Amino acid sequence: MIKLIETKNLTFRYYTEKNEEIIALDSINFTLNKGEHIAIIGENGVGKSTFLQAIRGEIFPSPTSGGSIVWNETSTKDTETFSDSPLVARDLCAIISPKEQNYYARQNWKVNCLEIVLAAANNDYILYREPSTEEVLKAVEIAKQLGAEYLLYTPINQLSQGQLRIMLIARALMKKSPVILLDEPLNGLDKTTQELFWKTLEKLITNNTPDSPTIILTTHYFPLPTYIKRCYEMKKGKLFEITNNTANTFIEFTEELPDFSQEKQDNNTIQGMEIILQNASIYRDHKEVIKNIYWHIKPQEHWTLMGHNGSGKSTLLQGILGLLPIAHGGSIIRNWYPNIKDNTPHTLTLLADIKEKIHFVSDALQALYPYDDNVEDVLFCGFDGDIGVHRERTDYEEKIINELLYQLKLEQLRYRTFRSLSTGQGRKVLLARAMIGNPALLLLDEPFSGLDPRNKQEIKEFIEYKIHKHSIQSILVSHIENDFLSSASKFATLFRGEFQELI
């Protein structure tokens, strides 16, 4: 077998703002051979994404006792000539990762999808040269296999997070790299697109040509593809080889979950939010995304909204939150306070009041979160629905933050900066941020994306506990059926911006 990548005692350390040492990778010995496809499983925050970053030369072994990593720079010739240059690593490896997606989401470039796919052929982020006809035809064919050829001439700053993930998958396949690193590649993709992705990938790696890539996959989805030859579990930065059968039962866990009481507050008055969208449209870059919808959300209702990638679900939630203007018709948002004697609703018109009463979690919020605050400060900002610290905490708020950190087992992350967290850890922190304070409504846009099975179960039970205890309403968007909350009472679909309630 031709050896592609080898690590010896690979160790990577970094430090929190309190100068606490974090060992992200701990003395890893690993070999990747050509054609020997590998899966790495493990809970959120154990080092899987960090390991793939090291494999691609994006981070380096710690300077003291950090071990080594080398790459085969002649891998396409079936020979072994090794180099420790990260430039060789980036030429050898293509990657699909949350980090790459967040990078594109933050740039706000107005280039179209075809250009970023074509740029991959030269390992660039955007296109700097005139592509050949052959390259254009190949890019179109890859997009077609993924069911996404209709996106090729769409500017990337107009894509949903799911659509952007599809285009980044096309980029990785366009690059023709000997190694493809797949870091939770299915996050944010609807079921149809997931199936197209697996079929395209399987066709690519099983055609038995010299150009067939070797795969390293990190995932929380099971069962694993049949072509996976070896499987590893990562625990606290250490890598352990396991059997495929053991891997496929990894989602089973026996540790007792936190005991969240399901008792509901006694309250005979109507409380919650009422939202009325009347003939409402929402535009992005002069394009109508939400089309003349009517939606009446009554107090104490819990909604689940379904739809394919790019159907407008996230745009609709941003309109409700006030982050995007609602055109044509309009919207009315009322907060029904339980302590008003005549039960008269209070109409919310100020954005600050809406943000205080309606809390929000989404892939886009995680990708675009602008400040690298520590976890404590991220949670604190949830009280006002703000981003960034603008005032001092009260003693009561400090107490609530400490309780939440304890309840959701986030205490060890207290002083970690937001961007140092894994994707799953970051999502859990943002979910905690959404539930802090006194929200009347939770807008949950793919809330469990990136969470491992245990954390998903734990955070879902905590949301249900909060909903029942404090009479919080919810609107949840998800592609995955078992991600729905048990409290859901209303269901609707969105297709190409058109809304339909399911009876």
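A salt bridge is a side-chain nitrogen of Lys or Arg within 4 Å of a carboxyl oxygen of Asp or Glu. Lys428 and Glu458 satisfy this criterion in the present predicted model, since their side chains meet in a salt bridge at 3.4 Å, N to O. Lys428 belongs to helix α14 (residues 423–435) and Glu458 to helix α15 (residues 453–470), so the contact ties together parts that are 30 residues apart in sequence. Lys428 and Glu458 are both buried.

A search of the whole structure yields 21 salt bridges. Three of them are listed below.

| Pair | Closest N to O distance |
|---|---|
| Arg230 and Glu36 | 2.5 Å |
| Arg230 and Glu241 | 3.6 Å |
| Lys428 and Glu458 | 3.4 Å |

Arg230 takes part in a salt bridge with Glu36. This pair links distant parts of the chain: Arg230 lies in strand β9 (residues 230–235), while Glu36 lies in the loop between β2 (21–33) and β3 (38–41), 194 residues apart. Both Arg230 and Glu36 are buried.

Arg230 also forms a salt bridge with Glu241. Here the link runs from strand β9 to strand β10 (residues 238–242), with the two residues eleven residues apart. Because buried means under 20% relative accessible area and exposed over 50%, Arg230 counts as buried at 14% relative accessibility, whereas Glu241 counts as exposed at 51%.

Elsewhere, salt bridges are joined into a network, which links Glu376, Asp377, Arg393, Glu398 and Arg414.

Definitions and conventions
Residues are numbered from 1 along each chain as its sequence is written. This is a predicted model: local features need pLDDT of at least 70, side-chain atom pairs count only at pLDDT 80 or more; totals for chains, interfaces and linings use all residues. Side-chain values use heavy atoms; hydrogens and water are left out. Helices (H or I, at least four residues) and strands (E, at least two) are DSSP runs, numbered from the N terminus. Buried means under 20% relative accessible area, exposed over 50%, partly exposed in between (1.4 Å probe, protein chains only).
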